[in-house]
Amino acid sequence: MNVEKIRQDTPGCSDKIFLNSAGSSLMPKSVVEAVVNYLYEEQQIGGYALAGRHSELIGSFYEEAAKLINTKPSNIAFVHSSTDGYAKALSSISFKEGDCIITTNDDYISNQIAFISLQKRYHIDIIRVTNLPDNELDLEDFERLIKKHHPKLIAVTHIPTNSGLIQNVEGVGKLCKEYDILYLVDACQSVGQIVVNVEEIHCDFLTVTGRKFMRGPRGTGFLYVSDRVLNEGFAPLFLDSNGAQWTVFDDYLLNKTAKRFELFERSNADLIGLKEALRYANNIGMVTIENYNHTLAETLRTNLQNKGFRILDKGNRLGSIITFCEKDGKVEKSSKILTDHNVYFKVNDKNNALIDFTLKNVDQAIRLSPHYFNTLEEMEKISQLLAQ
């Protein structure tokens with residue numbers, strides 16, 4: 001991997017140390033050019049004509065997304081964010097009173113709120129699996145809860161927004177397959193950062209955002225939908241002419257592919273931008289990206305720990321999200337040093353990770369999220385700055 005060439009392709013990393021790819025990453029030049037050039041063409045001939053002219057280019061988005069996660073283009077739907085895809089997936093499931101969702105303590109805040117909303121409306125039960133002492137998911141507890149509650153859905157966030165933990169979604173997937181349970185995975189922090197293979201995860205839905213480690217435009221993402229779900233007729237609560245064909249006055253025929261989860265109205269310029277981001281990552285190779293990211297993250301995490309900071313990431317497998325605080329649990333001094341030296345980062349508050357931060361007894365944490373356009377020299381510089 002030619003890091004120097006990648007940095008040349010990323011103008012935003014030339015005048016700062018950018019460590020917020022878990023929030024909204026820096027786009028390569030080719031992604032921005034793809035969006036802008038499409039908009040210039042749309043300015044000349046209008047959106048409908050241009051969509052027809054570039055139907056093959058638009059279609060290549062589905063091919064690149066499928067290649068990235070090892071599936072078929074027919075299993076991919078374009079969505080406006082991971083949360084948009086997540087809501088559409090949830091809306092396709094016919095919940096009723098007494099149904100149960102099993103999830104984890106580390107699921108994303110928006111997902112937790114969605115579960116609570118379903119609980120308030122349909123009076124379903126929310127069960128959270130326990131963690132082992134090393135913070136890994138307790139698969140034995142998962143199986144015990146499955147046998148006891150017969151859940152309608154199991155939902156797991158692959159990598160939480162508030163720590164570097166990579167959860168064992170493959171192990172959970174084997175249980176879901178064995179007990180024939182719907183399985184929803186939030187991969188918004190993992191796709192683009194590490195290798196993600198839906199055939200190994202055995203999930204029915206997987207949601208992805210464009211703006212984070214995927215390095216695409218904001219307002220983009222995609223949803224993976226399994227053949228099983230498509231063949232069994234699952235569809236979002238609200239369809240439009242893209243998701244179904246109006247056949248008779250009071251009926252419709254579902255789109256046979258995952259596009260039934262799309263809406264007709266969207267920005268094709270943004271879709272083309274995400275397609276280019278997908279192509280960029282596929283050309284480098286996710287194995288290469290994951291290995292380099294692991295080196296960056298472990299270097300930074302180890303250095304900070306050696307400088308006396310409290311590292312909050314716990315688990316046997318950790319990714320490119322490093323969360324830490326000062327010895328006394330504060331973050332103010334470190335935040336000021338980073339800001340003064342033009343380092344881009346994020347402070348996570350307790351309300352973004354209520355269960356996790358309560359268990360760790362912290363109110364805030366600094367989140368650093370290096371990506372493959374960063375350098376080992378930058379990781380060393382961060383450690384030296386914070387050592388002050």
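Me: Two strands pair if DSSP finds at least two bridges between them. What makes strands E12 and E15 a pair by this rule?

Reply: This is a predicted model, where local features need pLDDT of at least 70 and side-chain atom pairs count only at pLDDT 80 or more, while totals for chains, interfaces and linings use all residues. Residues are numbered from 1 along each chain as its sequence is written, and side-chain values use heavy atoms, with hydrogens and water left out. Now to your strands: E12 (residues 322-325) and E15 (residues 364-368) are joined by three bridges. The rule asks for at least two, so they pair. They run antiparallel, and Phe324 stands opposite Ile366 in E15.

Me: What do the letters in E12 or H12 stand for?

Reply: They name DSSP runs, numbered from the N terminus: helices are H or I with at least four residues, and strands are E with at least two.

Me: Which sheet holds E12 and E15, and why are E11 and E14 called its edges?

Reply: Four strands make an open sheet with antiparallel pairing, in the order E11-E12-E15-E14. Strand E11 (310-311) and strand E14 (346-349) each have a single partner strand, so one side of each has no neighbour in the sheet. Helix H12 (residues 286-306) packs on this sheet and touches E11, E12 and E15. Touching, or contact, means heavy atoms within 4.5 Å. The direction of H12 makes about 10° with that of E12; such angles run from 0 to 180 degrees between N-to-C directions, with axes fitted to C-alpha atoms, for helices over the stretch in contact.

Me: How do you know that E9 and E10 pair too?

Reply: Four bridges join E9 to E10, and the two run antiparallel. A hairpin of two residues connects E9 to E10, and Ala244 stands opposite Leu254 in E10.

Me: Gly243 is in the loop between helix H10 (227-231) and strand E9 (244-248). Is Gly243 buried or exposed, and how do you know?

Reply: Buried means under 20% relative accessible area, exposed means over 50%, and partly exposed lies in between (1.4 Å probe, protein chains only). Gly243 has 0% relative accessibility, so it counts as buried. Leaving aside neighbours within four places in sequence, Gly243 is in contact with Leu254, Asn255, Lys259, Arg260 and Glu262.

Me: Why is the ring pair of Tyr48 and Phe264 given its label?

Reply: A pair of aromatic rings is described by the distance of the centres and the angle of the planes. Rings of Phe, Tyr and Trp (its six-membered ring) pair if their centres lie within 6.5 Å; planes under 30 degrees apart count as stacked, over 60 as edge-to-face and the rest as tilted. By this rule there are eight aromatic pairs. In the pair of Tyr48 and Phe264, the centres are 6.1 Å apart and the planes are at 85°, so it is edge-to-face. Tyr48 sits in helix H3 (residues 47-53) and Phe264 in the loop between strand E10 (251-254) and helix H11 (268-284), 216 residues apart. Tyr48 counts as exposed at 69% relative accessibility, while Phe264 counts as partly exposed at 42%.

Me: What makes Lys259 a charge over the ring of Tyr62?

Reply: NZ of Lys or CZ of Arg must be within 6 Å of the ring centre and within 35 degrees of the ring normal. The charged end of Lys259 is 4.4 Å from the centre of the Tyr62 ring and sits over it. Lys16 lies over the face of Tyr344, 5.4 Å from the ring centre. Tyr344 also forms an aromatic cluster with Phe18 and Phe373.

Me: How do you know that the buried residues of helix H15 line one face?

Reply: In H15 (residues 376-386), Glu378, Met379, Ile382, Ser383, Leu385 and Leu386 are buried. Seen down the axis, they fall within an arc of 165°, so they line one face of the helix; the arc is that of the directions from the helix axis to the C-beta atoms. On the other side of H15, Glu377 and Gln384 are exposed.

Me: Why does Asn282 in helix H11 get its burial label?

Reply: Its relative accessibility is 13%, so Asn282 counts as buried. Not counting residues up to four places away in sequence, Asn282 touches Glu64, Lys67 and Leu68.
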